[in-house]
Amino acid sequence: MGKHKKRILQLAFFAATYLAVAALIRAGTINDFSFAVIVTICINIILSSSLNMVTGFAGQFSLGHAGFMSIGAYVCALTILRRPTPLGFLLGMLGGALLAALVGLLVGLPTLRLRGDYLAIATLGMAEIIRVVFLNLEITNGAAGLSFIPQLVDWNWLFAATAGTLLLIANFLNSSPGRACIAIQEDEVAAEAVGVNTLRYKVTVFSLGAFFAGIGGALYAAYFYFIKPDLFGFSRSVDILVIVVVGGMGSLSGSVVASVLLMVVSTALQAYPALRMILYSLLLVAVMLFRPQGLMGSKEVADLVFTRFRRAEKTEKQGG
Amino acid sequence: MSILTIQNLSKSFGGITAVSDVNLALECGELVGLIGPNGAGKTTVFNLLTGVYTPTGGEIRLGDLALQGKKPHYICGKGVARTFQNIRLFKNMTVLNNVRTAMHQHAGYGTLSSLLHLGRYHSEEQDMETRAAELLDRLGLGDKADELAGNLSYGEQRHLEIARALATEPVLLLLDEPAAGMNPAETLRLTRLLHDIRQQFNLTMLLIEHDMSLVMNICERIYVLDYGCVIASGSPADIRRDSRVIKAYLGEEAGHV
Amino acid sequence: MDVFLQQLINGLSLGSIYALVALGYTMVYGIIKLINFAHCDLYMVGAYIGYLCMTHAGLGFFPSLLLSMAGCMLLGVLIEKIAYKPLRNAPRISLLITAIGMSLLLEYGMMFFFSPNVRTYPPMTGLMARSFTVGGVLLSMQQVVIWLITLALMLLLQYLVHRTRAGRAMRAVSLDKDAARLMGIDIDATISYTFAIGSALAGAAGMLVGVYYNTINPLMGVLPGLKAFVAAVVGGIGIIPGAMAGGYLIGIVEVLVSGYGFSMYRDAIVFALLILILIVRPAGLLGKHEGEKV
């Protein structure tokens, strides 16, 4: 019963968001500048929710998410530079995501045997290697990067990719392989003991995360005209991790909330360019000091709403 | 017919030999106890059986299948399930999901249907949920399905560990001190429960336990381990009389009495 | 052969600097299991303090070195007290994010107060400016000074860790915090002590790098910091001799790769080496792989 209600609530929320933004764009309230903010938020949602799946839910600490993002960005950019059509974009996006997933698979197989911080540092190294490869390839134009990428992303594409990513990740987590991944995070020894092939599921979730990071990268390339390897360095991976932890490890809605909030704060601080990063870092430290488990902990917004409902029902019954 | 045969099983950590030259055989459908003083190597035998450790030497066979050196999930898939002495539940998952996780080897859908919730996803999930609910009912946890495993009482957590092990559909169940920390009434309830599930699920069981009344009550045969070696085996009555066993438990002095 | 020797000499200098920074990472990790991302910025701060001392205060090399070590020591301990200590029982990843926050704060704080521009260290004079040729290999006095100072600091560190009460406490806490507390060891003081030593070493490294490469900027710590951490992991994180070995290994490999004409791939090769070593030895070169107790 509760499950269906939650689903309906989620779909209603998605539909309302889509319609509201579409209406505001048509009315001209959302200009180019604010739409760019929305694009960044959506890309951050895709990146942080996929990293959350890998790190928060499955417990595999990755510091190389930006590496996968860059694969999606480059493949998509190279495709739509040649075929600047919606079909070209779709193919470029899927091709980039699949290549990212493939690289995730190849990198994951040897490295996911490592634990905790060792895995983190290995994934970091992997992302740096990817960056250096893009710096040196001819087709990617080295450090100068690719420019004049056709801008094919509009609100429809953006919404479809973001909502699709969230739904697929939520579906995955609420399934047998998803539960196996969560079990790995909870207790790897016990997970193996009940028959979970831990390496296989770690690799699965890792390349799935890479796939969505590739989607995020493709959207980036097809909106912001210009990409270069340094955009996808270590600090980008850290930015994504920050969103995941601030939102709450193991909470998808936490990643959404944190993507929006951190972007709003960052945009508001643009008025003070010199102080911006100082205030941002202070905010980060403050959030962690006062709420170490992140804004949402490991709860979902829908859970909170329903507990509130249930509590209200209970008190009503008791009152009556 | 022997379902489990252990031959010359040894394990050493660095210079320390935890298990040395253990031979042990379980007949199909038996309930056998594995006892011994603390540090005798009982849990190490379980860890070797379930693939957590790789043996230094010896053989483990389930039917005709060699298990030594295999991964835990593989061994579980072949029908060996276990519980842990220091309860290892998925504490932040619900009770129901603990059991469903253990069913995942039998979930008949792949990663793609799990993403799209298409194909056999819905029917398989429905099926798993029904079977998990049945299992929880049988272990007296039916009304706790939606609670977090970490919030259960100690006794309930031990029961959930058994439910989770049963969910993997084992032929051989290894129980590591299931009655530890239970009071006599709870132990009695557990004794009945073990008796019941053994018949219902047609299981062979190997049981590590310190509670002698439980072991003597329900085990048909007992192996006694001391300093990593099997020092005695036989019926509960034999074991009770064995001087080496008394010595191992009570020390040299008592052995002479 | 001469080219190889020359690169080896240069690699030893770079390796000394990585080793000094890696020591701080490894000590802090050993004691509170934190990848202290702010550590690389302490190295940057050390370079700036040294710069200020030498240009504005007109101090000589050694007094400046001591001052930058002292300044970083103070800053490191302060950061631990303010930002890390309250999170001692929080999830480890929150602590990591806090460290990232402190790192950004130091970098952008430095940009705000001292401008993002590159600064140039004053040229060395007298004996420090000399260089000489030994067997066809060019050796500068600066390099010799870097080696000697690194060697002296490492010997001092060995003494502090193995021959003093506080060092013993440090080793005890890194092995088992709870047991150490029960033995009457003051955990907070020991952690502060660890941060103090690690930060002072980073300060020294920053100053040395300023003298060696001349230019410094607020983001100078980021990449060397990553590589120093890689060095610590390669050697076996938490193990002091491991950090030294890892530092020299990474420094020498990096210089050799550049020396033989692959400088574009230098960083990739360093990280590939890291991944390879971890796959073969998951706990690093000197680390012991310990399975989980079941």
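**Exercise 1.** Place B:Asp137 in its chain, then decide whether it is buried or exposed.

*Solution.* Start with the fold. B:Asp137 sits in helix H5 (residues 121-138) of chain B. The model is a predicted one. Next, take the accessibility. B:Asp137 has 54% relative accessibility. The cut-off for exposed is over 50%. B:Asp137 therefore counts as exposed. Last, look at its surroundings. B:Asp137 belongs to a negative surface patch, together with B:Glu134, B:Asp143, B:Asp146 and B:Glu147.

**Exercise 2.** Compare the reach of helix H5 (residues 141-163) of chain C with its expected span, then list its buried residues.

*Solution.* Count first: the helix has 23 residues. From first C-alpha to last, H5 of chain C reaches 32 Å. At 1.5 Å a residue, 33 Å is expected, so the two values are close. Now the burial. Buried residues at the start of H5(C) include C:Met141, C:Gln142, C:Gln143, C:Val144, C:Val145 and C:Ile146. Further along, C:Ile149, C:Thr150, C:Leu153, C:Met154, C:Leu157 and C:Val161 are buried too.

**Exercise 3.** Find the loops that hold A:Asn141 and B:Glu177, and classify the accessibility of each residue.

*Solution.* Take A:Asn141. Its phi is positive, about 65°, although the residue is not a glycine. The loop runs between helix H5 (116-136) and helix H6 (155-173) of chain A. With a relative accessible area of 43%, A:Asn141 is partly exposed.

Now B:Glu177. This non-glycine residue also has a positive phi, near 50°. Its loop lies between strand S7 (172-176) and helix H7 (184-201) of chain B. The relative accessible area is 9%, so B:Glu177 is buried.

Notes. Residues numbered from 1 in each chain as written. Chains lettered and ligands numbered in written order. Predicted model: local features only at pLDDT ≥ 70, side-chain atom pairs only at ≥ 80, totals over all residues. Heavy atoms only, no water. Patch = residues over 30% accessible without salt bridge, like charges linked within 9 Å, V, L, I, M, F, W, Y side chains within 5 Å. Areas by Shrake-Rupley, 256 points an atom, 1.4 Å probe, with all protein chains shown as cover. Salt bridge = Lys/Arg side-chain N within 4 Å of Asp/Glu carboxyl O. Lys, Arg positive; Asp, Glu negative; His and termini not counted. Charge placed at Lys NZ, Arg CZ, Asp CG, Glu CD. Helix = DSSP H or I, 4+ residues; strand = E, 2+ residues; numbered from the N terminus. Buried < 20%, exposed > 50% of the residue type's maximum accessible area, 1.4 Å probe, protein only.
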